[in-house]
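Please look through the sequence and the model below before reading on. The paragraphs that follow begin with a bound ligand and then move outward to the surrounding architecture.

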Amino acid sequence: MLSAKSAEIVEATLPAVGGAIGEITPLFYGKMFAAHPELLRDLFNRGNQANGTQRQALAGSIAAFASALVAHPDQRPDAMLARIAHKHVSVGIGNAQYKIVHEHLFAAIVEVLGEAVTPEVAAAWDEVYWLMANALIAAEDRLRTEAAAAQGGDPDDLWRPYAVVARFQETDDVVSFLVRPADGGPVPPARPGQYVSVRATMADGARQIRQYSLSGNPDGALRFTVKRVGAGASGEPAGEVSNHLHAHLNAGDVIEVAPPLGDVSLADGDGPVLLASAGIGNTPMTAMLAHLAATGSTRTVVSVHGDRDQLTHAFRAELGRHTAELANASAHVFYEQPLGAWPQERTGLVDLATVPVPAGTTAYLCGPVPFLRSVRAQLLAAGVPAADIHYEVFGPDLWLGQDA
Ligand SMILES: Cc1cc2nc3c(=O)[nH]c(=O)nc-3n(C[C@H](O)[C@H](O)[C@H](O)COP(=O)(O)OP(=O)(O)OC[C@H]3O[C@@H](n4cnc5c(N)ncnc54)[C@H](O)[C@@H]3O)c2cc1C
Ligand code: HEM
């Protein structure tokens, strides 16, 4: 609930703050990391800092939250914060750190906007910040308590050592790791579609955290699957953690893993399900499909996957196997550059024109943003309501607050 006075001031200053947010966020992170270098080294994803995506996600979320408050000052738009809360708990941020972010964010705002930040303006935006922070803190407390109850131990330190019990080469660039708690304790429950965070110590001593969607839980263990990120065509460096895991994580090794989290997961129900993925985006879809097969689901299940070719397509065999196990399932695979003649697959990008989309479908999407946009537009055109289209994105979510 935003006070009427603050709502008025926030509405009046939203264009100025929104317009300057591209300047404010780098300054904010610069100030925060100068005061707390350990946060960049051991908590934040330094790849996302270097490529700018985390800054855009933070800026987008604040602007979207403030806009929602201005539109409905009597409601706190908590639902849009679920993704952030899951991510925060997964990486292990603590409530006390909200003061640190507040201090440096507001210092950056004052530096960029100067005299426009009168005491009234500062107080109104302070209210927005703490409404958002308190909503996140409450959601994160709940998630931490649940996760600690499920895996045992301290809610304020959810990291646990896991032993790699097996490693599988899925394709040239994709490796799966099957892990179990190193102390022999129970494997925490996961909903199909959720991810784990993995914390790896890099050559320079930094501890870097990345998320990996679970690709299933064969033999009651957790399986996550990592695609090695190569150097970019415009000189971007190769991904540090994915290449580190490929090069150094083998059966018998131990790695720190946080419990399964993530707000996108297969909901129970009887209605038709469409699972659409591209490239390595099929990790959560593989877990969802395996779950449906393992529980003998009679739901109509339509899998759609796009990849470069047969050899880059991880879980190709699992897709075929689980589709055959299910009573009412079909799989539709598109290869951009198919190797030879594979009559059961199609050539080109994913195109839903030839894919059945039954009435009442709930859709789950995961893949690069252009793929998500294209498939979402095709589903909307096919009559699937926006509320029934859920997506996971393998990086900071830059869609937050937009009609997604
Ligand atoms: C919810 C979620 C689930 C995920 N699930 C999976 C999964 O199942 N499987 C999977 O493989 N991945 C998954 N990911 C992605 C994964 O977390 C990592 O982002 C991925 O492995 C790349 O990490 P990295 O450390 O190798 O790359 P990073 O080092 O983080 O680099 C990331 C990108 O930034 C670029 N970059 C880095 N530094 C610079 C710079 N100085 N200038 C310009 N560009 C730069 C890199 O070139 C690269 O393209 C998921 C992500 C999320 C958020
Ligand atoms: C109101 C305050 C805050 C807002 C609005 C906010 C917003 C966000 C957003 C939008 C994301 C990206 C989520 C996604 O799509 O994946 C994120 C991730 C993250 N946040 Fe926050 N956050 C806040 C407070 C904090 C605090 C206090 C910390 C701790 C210092 C923190 C640390 C992180 C980290 C480490 C990530 C993951 C970053 C990455 O791996 O790239 N955040 N936050």
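**Two ligands, a barrel and an open sheet**

Sorted by class, the residues that form the shell around ligand 1 comprise 10 nonpolar, 10 polar and 6 charged ones. The model is a predicted one, and the distances that follow should be read with that in mind. Among the 26 residues around ligand 1, those that come nearest are Arg210, Gln211, Tyr212, Pro237 and Ser242.

Which elements each supply at least two residues of the shell around ligand 1? They are helix H3 (46-51), strand E4 (207-216), strand E5 (222-227) and helix H8 (240-248), and the largest share, 4 residues, comes from E4.

Polar contacts to ligand 1 involve both backbone and side-chain atoms of the protein. On the backbone side, an N or O atom of Ser213 lies 3.0 Å from a nitrogen atom of ligand 1, while a polar backbone atom of Val241 is 2.8 Å from an oxygen atom of the ligand. From a side chain, a polar atom of Ser242 lies 2.5 Å from an oxygen atom of ligand 1. Of the 980 Å² of accessible area that ligand 1 has on its own, the protein covers 82%.

Two of the elements just named, E4 and E5, also belong to a barrel, into which 6 strands close in the order E1-E2-E5-E4-E3-E6 with antiparallel pairing. On average, and with direction ignored, neighbouring strands of this sheet are turned by 45° against each other. Within the barrel, E4 and E5 pair in the antiparallel sense over 2 bridges, and Leu214 stands opposite Phe224 in E5.

Elsewhere in the barrel, strand E1 (residues 160-171) can be followed to two partners. With strand E2 (residues 174-181), E1 pairs in the antiparallel sense over 8 bridges, with Val164 standing opposite Val179 in E2, and a hairpin joins E1 to E2 through 2 residues. With strand E6 (residues 254-257), E1 pairs over 4 bridges, again in the antiparallel sense, and Arg160 stands opposite Val257 in E6.

The second ligand contains iron. Which protein atom serves as the donor to the iron atom of ligand 2? The single donor from the protein is NE2 of His88, at 2.1 Å, and His88 lies in helix H5 (residues 82-91). A polar side-chain atom of His88 also lies 2.9 Å from a nitrogen atom of ligand 2.

In total, 24 residues surround ligand 2, and the closest are Asn48, Arg83, Lys87, His88 and Asp397. One of these, Arg83, has an N or O atom in its side chain 2.7 Å from an oxygen atom of ligand 2, and for the side chain of Gln54 the corresponding distance, likewise to an oxygen atom of the ligand, is 3.4 Å.

Beside the barrel, the model has an open sheet of 6 strands in the order E10-E9-E8-E7-E11-E12, with parallel pairing. Strand E10 (346-347) and strand E12 (389-392) stand at its edges, and because each has a single partner strand, one side of each is left without a neighbour in the sheet. For E12, strand E11 (residues 362-366) runs parallel and is joined to E12 by 4 bridges, with Tyr364 having His390 in E12 as its bridge partner. As general background, strands of a sheet pair through backbone hydrogen bonds, either parallel or antiparallel.

Terms used:
Residues are numbered from 1 along each chain as its sequence is written. Chains are lettered from A and ligands numbered from 1 in the order in which they are written. This is a predicted model: local features need pLDDT of at least 70, side-chain atom pairs count only at pLDDT 80 or more; totals for chains, interfaces and linings use all residues. Side-chain values use heavy atoms; hydrogens and water are left out. A residue is near a molecule or strand if one of its heavy atoms lies within 4 Å of it. A polar contact is a pair of N or O atoms within 3.5 Å; within protein, one must be able to donate a hydrogen and the other to accept it, and residues adjacent in sequence count only if both atoms are side-chain atoms. Accessible areas come from the Shrake-Rupley method with a 1.4 Å probe; for residues, only the protein chains shown count as cover. Ala, Val, Leu, Ile, Met, Phe, Trp, Tyr, Cys and Pro count as nonpolar, Asp, Glu, Lys and Arg as charged, and the others, Gly among them, as polar. Donors are N, O and S atoms within 2.8 Å of the metal (3.2 Å for Na, K and Ca); water is not among the atoms, so sites may look incomplete. Two strands pair if DSSP finds at least two bridges between them. Axes are lines fitted to C-alpha atoms, for helices over the stretch in contact, and angles run from 0 to 180 degrees between N-to-C directions.
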